[in-house]
Amino acid sequence: MTNNRFSFRAGPKMISLVLVLSLGMGCSLDKLVRVDDTDQLGVIDRSKIKTYQGSVGMYFASIKSLSVLLDQASELGGLMTDELMYFTTGSGLTQDTDLRLARNAENGLINTSFHSKFHPVRVKASQAREMLMIYGSEKDSAYIANTYAIEGFAIVLLAEFHCSGVPLTEVAVSGAVKYTRGYTTTELFEHAVAKFDSALMYAGDSVEVLTFASVGKGRALLATGRYDEAADAVKDVPDQSKYDVAYTPVVHSPWYTNVQTQNAYRILDNEGGNGITWAGAGPVNEDPRVKIARNPANSADYAIPTRQAKYASTGTSAIVIASGVEARLIEAEALLQPASQPQGDWIAKVNQARRTRNDLPDLVAPVTADERIDMVFREKAMWTYLTATRLGEMRRLVRNYDRATTSVFPSGNYSGTGNILFYGNEVLFAVPIEEKEQNNLYSGCIDRNA
């Protein structure tokens with residue numbers, strides 16, 4: 001996806017060898033702000049950081065970092081929800097995430113990429129913006145807008161994936177570090193909204209960045225129950241517009257189709273009794289938005305777990321993280337309020353989104369409030385499958401619609417192995433204990449509620 005200003009493809013070929021991020025960092029901060037990525041991006045020439053070429057290199061490094069985060073978040077979110085199932089035995093983080101099981105009850109289920117992937121995205125984006133503001137020009141406003149949007153999106157994912165109480169430590173290019181306290185989930189979404197607002201100010205006529213910032217803002221507002229504001233944020237997003245980022249396939253990615261991971265990650269209908277029916281009773285009944293790869297040796301047995309075919313292993317696929325379709329579904333949910341007596345034609349927005357394809361018939365509005373909510377959330381699930389969206393949606397069902405976690409997340413007997421196991425109670429990731437060791441303003445998770 002390109003325009004005359006910039007490309008969003010985040011593969012290594014796009015990224016200058018002049019990449020740099022933080023200078024003067026202490027060792028304790030390495031996990032949080034390390035941006036070299038020398039194994040993938042080549043040798044960094046630190047002498048050229050404070051130049052226009054260096055600032056642009058930093059900009060593309062932030063997009064590269066975003067692609068890596070999306071790969072990781074799509075995997076973690078897919079496992080914790082009903083999108084992916086870990087289909088081998090073991091007791092590591094991967095299976096614990098699928099089981100929603102924290103083996104360390106004090107700390108909770110820990111996301112080991114909290115410092116290495118989630119935070120570096122927003123830090124790199126802010127550092128790139130810092131340099132672009134100094135060495136760039138008016139023609140780089142879309143770059144600057146995109147850094148704000150990337151930073152806002154990273155904060156949204158931090159809020160959707162983690163407990164209440166996530167710090168947002170700032171790191172300037174000069175190396176100055178500003179620690180922060182842990183922010184509540186609501187405060188994180190408010191921080192994200194502010195970043196998206198700044199992105200909209202700088203975006204100019206870049207449809208891609210306007211789409212990214214508008215839908216990101218709508219997503220953050222929806223999370224806090226500000227439905228009318230969310231709908232207003234996305235009302236001007238064109239149906240066919242989108243913002244996507246090419247992923248970089250890595251080992252253990254949910255779509256990296258080598259022999260090992262084909263056996264590790266599967267799609268299972270109705271996982272835990274509460275999951276969505278993704279694959280259906282066979283190819284005829286599959287939803288075309290969720291592409292399925294069935295085991296050829298068992299192609300006649302549609303009850304067996306299957307694998308996703310949405311993303312290729314070559315790195316040529318792209319993850320859509322904001323679109324006109326999502327904008328219409330945000331409007332649909334806003335018009336559905338209150339679900340017991342909708343105030344607008346919400347089903348028209350659902351069908352408007354479906355009409356962007358020629359293989360989806362219109363839906364008819366259900367009668368009951370629960371069925372209406374289920375329909376909107378199922379549509380969102382189908383459109384955003386494996387895009388690091390589902391976990392935030394499921395937590396919002398619990399938080400905004402007062403649904404029990406056991407009715408939203410897979411529960412009961414775990415069917416991922418031959419062992420007798422049961423799903424746990426975790427619906428999010430805790431912040432790693434290392435944060436307390438380096439940030440004296442941080443005091444741990446405020447709560448671990450949805």
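Aspartate 402 sits in the loop between H14 and helix H15 (405–408). In this predicted model, aspartate 402 has a positive phi of about 55 degrees, although it is not a glycine. At 70% relative accessibility, aspartate 402 counts as exposed, because the cut-off for that label is over 50%. Just before this loop comes a good place to start exploring: helix H14 (residues 390–401), which holds tyrosine 401.

**Another positive phi, in a buried setting**

- Arginine 100 is also not a glycine, and it has a positive phi of about 55 degrees.
- You can find arginine 100 in the loop between helix H4 (93–99) and helix H5 (114–135).
- Is arginine 100 buried or exposed? With a relative accessible area of 3%, arginine 100 is buried.

**How H13 packs with H14**

- Two packed helices are described by the angle between their axes and the distance between the axes.
- For H13 and H14, the axes come within 10 Å and cross at roughly 165 degrees.
- H13 and H14 are therefore roughly antiparallel to each other, since an angle over 145 degrees earns that description.
- Their crossing is right-handed.
- On the H13 side, the residues in contact are Ile373, Phe377, Lys380 and Ala381, and they meet Arg390, Glu393, Arg396, Leu397 and Tyr401 in H14.
- Sorted by class, this contact has five nonpolar residues, no polar ones and four charged ones.

**How H12 packs with H13**

- Helix H12 covers residues 346–354 and helix H13 covers residues 369–383; their axes come within 11 Å and cross at roughly 20 degrees.
- That angle makes H12 roughly parallel to H13, because angles under 35 degrees count that way.
- H12 passes H13 in a left-handed crossing.
- Which residues of H12 meet H13? They are Trp346, Ile347, Val350, Ala353 and Arg354, and their partners in H13 are Arg372, Met375, Val376, Glu379 and Trp383.
- The residues of this contact divide into seven nonpolar, no polar and three charged.
- Helix H12 also contains asparagine 351, which counts as buried at 6% relative accessibility.
- Leaving aside residues up to four places away in sequence, asparagine 351 touches Asp362 and Leu363.

**Aromatic pairs**

- How many aromatic pairs does a search of the whole structure find? The search finds 11.
- One of them joins phenylalanine 377 and tyrosine 401, with 5.6 Å from centre to centre and 85 degrees between the planes, an edge-to-face arrangement.
- Why does this pair tie together separate parts of the chain? Phenylalanine 377 lies in helix H13 and tyrosine 401 in helix H14, so the pair links parts that are 24 residues apart in sequence.
- Phenylalanine 377 and tyrosine 401 are both buried.
- Tyrosine 414 and tyrosine 423 make another pair: their ring centres are 5.1 Å apart and their planes lie at 80 degrees, so the pair is edge-to-face.
- Tyrosine 414 counts as buried at 4% relative accessibility, and tyrosine 423 counts as buried at 9%.
- Elsewhere, ring pairs link Tyr59, Phe60 and Tyr143 into a cluster.

**A cis peptide bond**

- The bond between glutamine 337 and proline 338 is a cis peptide bond, with omega at about -10 degrees.
- Where does proline 338 lie? Proline 338 is in the loop between helix H11 (324–335) and H12.

**Glycine 165 and its contacts**

- Glycine 165 has its place in the loop between helix H6 (141–161) and strand S2 (166–167).
- With a relative accessible area of 0%, glycine 165 is buried.
- Not counting residues up to four places away in sequence, glycine 165 touches Gly182, Tyr183, Thr184, Val431, Tyr442, Gly444 and Ile446.
- Try finding aspartate 447 too: its C-alpha atom is separated from that of glycine 165 by 7.4 Å, although the two residues are 282 residues apart along the chain.

Technical notes
Residues numbered from 1 in each chain as written. Predicted model: local features only at pLDDT ≥ 70, side-chain atom pairs only at ≥ 80, totals over all residues. Heavy atoms only, no water. Axes fitted to C-alpha atoms, helices over the stretch in contact; angles between N-to-C directions. Helix = DSSP H or I, 4+ residues; strand = E, 2+ residues; numbered from the N terminus. Parallel < 35°, antiparallel > 145°, perpendicular 65-115°, else oblique. Left-handed = near helix turned anticlockwise from the far one by under 90°. Contact = heavy atoms within 4.5 Å. Nonpolar A, V, L, I, M, F, W, Y, C, P; charged D, E, K, R; others polar. Phe/Tyr/Trp six-rings, centres within 6.5 Å; stacked < 30°, edge-to-face > 60°. Buried < 20%, exposed > 50% of the residue type's maximum accessible area, 1.4 Å probe, protein only.
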